[in-house]
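Here are a few notes to read alongside the model. Keep the 3D view open and look up each residue as it comes up.

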Amino acid sequence: MDGFQTEAEYNAEAARLIWPPGRPAPSPRHHLETNVYNEVGGGATDADIHWLCAWEVHYLGDPATRASDTLSELPKYKGLHAYAEAYDVSAKEGLLR
């Protein structure tokens with residue numbers, strides 16, 4: 001996929017995710033890529049990883065008050081494209097340790 005196609009995939013995935021309060025999906029920059037082609041799923045994987053990081057940063061900002069909502073969202077990562085489709089077995093095992 002070219003940069004525009006990858007960005008469209010990113011936007012579709014980001015739109016279906018629940019982002020932490022005050023932390024919307026980062027603006028994609030795939031459209032700026034020239035002569036770069038990504039595999040199908042690359043945009044979705046990027047969105048999923050940004051989502052995971054956003055929830056981790058949200059939690060670290062105030063663990064005492066943000067643990068509950070963060071812990072309700074993080075398990076959903078295993079059902080997202082990045083984990084379910086893009087990671088190989090060794091990457092998945094590393095995340096479970």
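At the start of H1, which residue has a side-chain oxygen that reaches to within 3.0 Å of the backbone nitrogen of Phe4?

1. That residue is Asp2: one of its side-chain oxygens comes to within 3.0 Å of the backbone nitrogen of Phe4, right where H1 begins. Bear in mind throughout that you are looking at a predicted model.

2. Now for the helix itself. H1 covers residues 3-16, which makes 14 residues. From its first C-alpha to its last it reaches 20 Å, close to the 20 Å expected at 1.5 Å a residue.

3. Try colouring H1 by burial. Gly3, Thr6, Glu7, Glu9, Tyr10, Glu13 and Ala14 come out as buried. Looking down the axis of H1, you'll find these buried residues within an arc of 160 degrees, so they line one face of the helix. What covers them includes helix H2 (42-61) and helix H4 (81-86). On the face turned away from the buried side sit the exposed residues Phe4, Ala15 and Arg16.

4. Next, the charged pairs: the whole structure has two salt bridges. In one, the side chains of Arg16 and Glu13 meet at 2.8 Å, N to O. Arg16 and Glu13 are three residues apart in helix H1, so about one helical turn separates them. The two ends differ in their surroundings: Arg16 is exposed, whereas Glu13 has 9% relative accessibility and counts as buried.

5. The other bridge joins Glu73 and Lys76, with their closest N and O atoms 2.9 Å apart. Glu73 is buried, at a relative accessible area of 8%. Lys76, at 39% relative accessibility, is partly exposed.

6. Don't skip the aromatic rings, as the structure holds two aromatic pairs. Take Trp51 and Tyr77: their ring centres are 6.5 Å apart and their planes are at 5 degrees, so this pair is stacked. The pair links distant parts of the chain, with Trp51 in helix H2 and Tyr77 in the loop between helix H3 (63-73) and H4, 26 residues apart.

7. Are these two rings buried or exposed? Trp51 is buried, with a relative accessible area of 1%, and Tyr77 is buried too, at 5%.

8. One last thing to find on screen: ring pairs link Trp51 and Tyr77 with Tyr83 into a cluster.

How values were computed. Residues are numbered from 1 along each chain as its sequence is written. This is a predicted model: local features need pLDDT of at least 70, side-chain atom pairs count only at pLDDT 80 or more; totals for chains, interfaces and linings use all residues. Side-chain values use heavy atoms; hydrogens and water are left out. Helices (H or I, at least four residues) and strands (E, at least two) are DSSP runs, numbered from the N terminus. The expected span of a helix is 1.5 Å times one less than its number of residues. Buried means under 20% relative accessible area, exposed over 50%, partly exposed in between (1.4 Å probe, protein chains only). The arc is that of the directions from the helix axis to the C-beta atoms. Contact means heavy atoms within 4.5 Å. A polar contact is a pair of N or O atoms within 3.5 Å; within protein, one must be able to donate a hydrogen and the other to accept it, and residues adjacent in sequence count only if both atoms are side-chain atoms. A salt bridge is a side-chain nitrogen of Lys or Arg within 4 Å of a carboxyl oxygen of Asp or Glu. Rings of Phe, Tyr and Trp (its six-membered ring) pair if their centres lie within 6.5 Å; planes under 30 degrees apart count as stacked, over 60 as edge-to-face and the rest as tilted.
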